[in-house]
Amino acid sequence: MFTCRNQSCDAKWELADVLIKNEGQGLLFRCPMCGARNYVERFDDEEGNVLYEQIDGRPFQ
Ligand SMILES: [Zn+2]
């Protein structure tokens, strides 16, 4: 579950609700409600499943 980091929006999203992509500054999704950029990090679990975890701010370049 992700929470939009735009505090006036604060919408909650499942992974299936959002499109994760890389716009050149790291992986992110745009909030379907307000369009805010929300950065995520990708992990692979032991069974090879891809997981995403929301991070604060943007990834270090
Ligand atoms: Zn939002």
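## Working through a zinc site and its strands

Cys 31 is buried, at a relative accessible area of 3%. Keep that residue in mind for the exercises below; the model is a predicted one.

**Exercise 1. Work out which atoms hold the zinc ion and what geometry they give.**

Start with the donors. The zinc ion takes its protein donors from the SG atoms of Cys 4, Cys 9, Cys 31 and Cys 34, at 2.2 to 2.4 Å. Next, look at the angles: the 4 donor atoms subtend 102 to 114 degrees around the zinc ion. Four donors count as tetrahedral if all angles lie between 85 and 135 degrees, so this arrangement is tetrahedral. For reference, the ideal angle for four tetrahedral donors is 109.5 degrees.

Now go back to the chain, where the donors of the zinc ion are spaced C-x4-C-x21-C-x2-C. Cys 9 sits in the loop between E1 and E2, while Cys 31 sits in the loop between E4 and E5, so this pair ties together parts 22 residues apart in sequence.

**Exercise 2. Trace how E3, E4 and E5 pair up, and find the glycines with positive phi in the turns.**

Take E3 and E4 to begin with. Strand E3 (residues 20–22) runs antiparallel to strand E4 (residues 27–30), with 3 bridges joining them. One pairing to check on screen is Asn 22, whose bridge partner in E4 is Leu 27. The two strands make a hairpin with 4 residues between them, and Gly 24 in that turn has a positive phi of about 100 degrees.

Then move on to E4 and E5. These are antiparallel too, over 3 bridges, and Phe 29 stands opposite Asn 38 in E5. Here the hairpin has 6 residues between its strands, and the turn holds Gly 35, with a positive phi of about 85 degrees.

There's also a positive phi outside the glycines: Asp 10, at about 60 degrees. Asp 10 lies in the loop between strand E1 (2–3) and strand E2 (12–13). With a relative accessible area of 40%, Asp 10 is partly exposed.

**Exercise 3. Is Asn 38 buried or exposed, and what does its side chain reach?**

Find Asn 38 in strand E5 (residues 37–44). Its relative accessibility is 0%, so Asn 38 counts as buried. Follow the side chain and you'll get to the backbone nitrogen of Arg 5, at 2.7 Å. Beyond its neighbours within four places in sequence, Asn 38 is in contact with residues including Cys 4, Cys 31, Phe 29 and Gln 54. Two of those names, Cys 4 and Cys 31, are already familiar as zinc donors.

**Exercise 4. Classify the aromatic pair that a search of the whole structure finds.**

The search turns up 1 such pair. The ring centres of Phe 2 and Phe 29 are 5.0 Å apart, with planes at 35 degrees, so the pair is tilted. Phe 2 belongs to strand E1 and Phe 29 to strand E4, so the pair links parts 27 residues apart in sequence. Both Phe 2 and Phe 29 are buried.

For another phenylalanine, try Phe 43 in strand E5. With a relative accessible area of 36%, Phe 43 is partly exposed. Leaving out residues up to four places away in sequence, Phe 43 touches Asn 49, Val 50, Leu 51 and Glu 53. Measuring C-alpha to C-alpha in the model puts Phe 43 and Gly 57 18 Å apart in space, and they are 14 residues apart in sequence.

Methods
Residues numbered from 1 in each chain as written. Predicted model: local features only at pLDDT ≥ 70, side-chain atom pairs only at ≥ 80, totals over all residues. Heavy atoms only, no water. Buried < 20%, exposed > 50% of the residue type's maximum accessible area, 1.4 Å probe, protein only. Polar contact = N/O pair within 3.5 Å; in protein donor to acceptor, adjacent residues only side chain to side chain. Contact = heavy atoms within 4.5 Å. Pairing = 2+ DSSP bridges. Donors = N, O, S within 2.8 Å, 3.2 Å for Na, K, Ca; no water. Tetrahedral: all angles 85-135°; square planar, octahedral: opposite > 155°, others 65-115°. Phe/Tyr/Trp six-rings, centres within 6.5 Å; stacked < 30°, edge-to-face > 60°.
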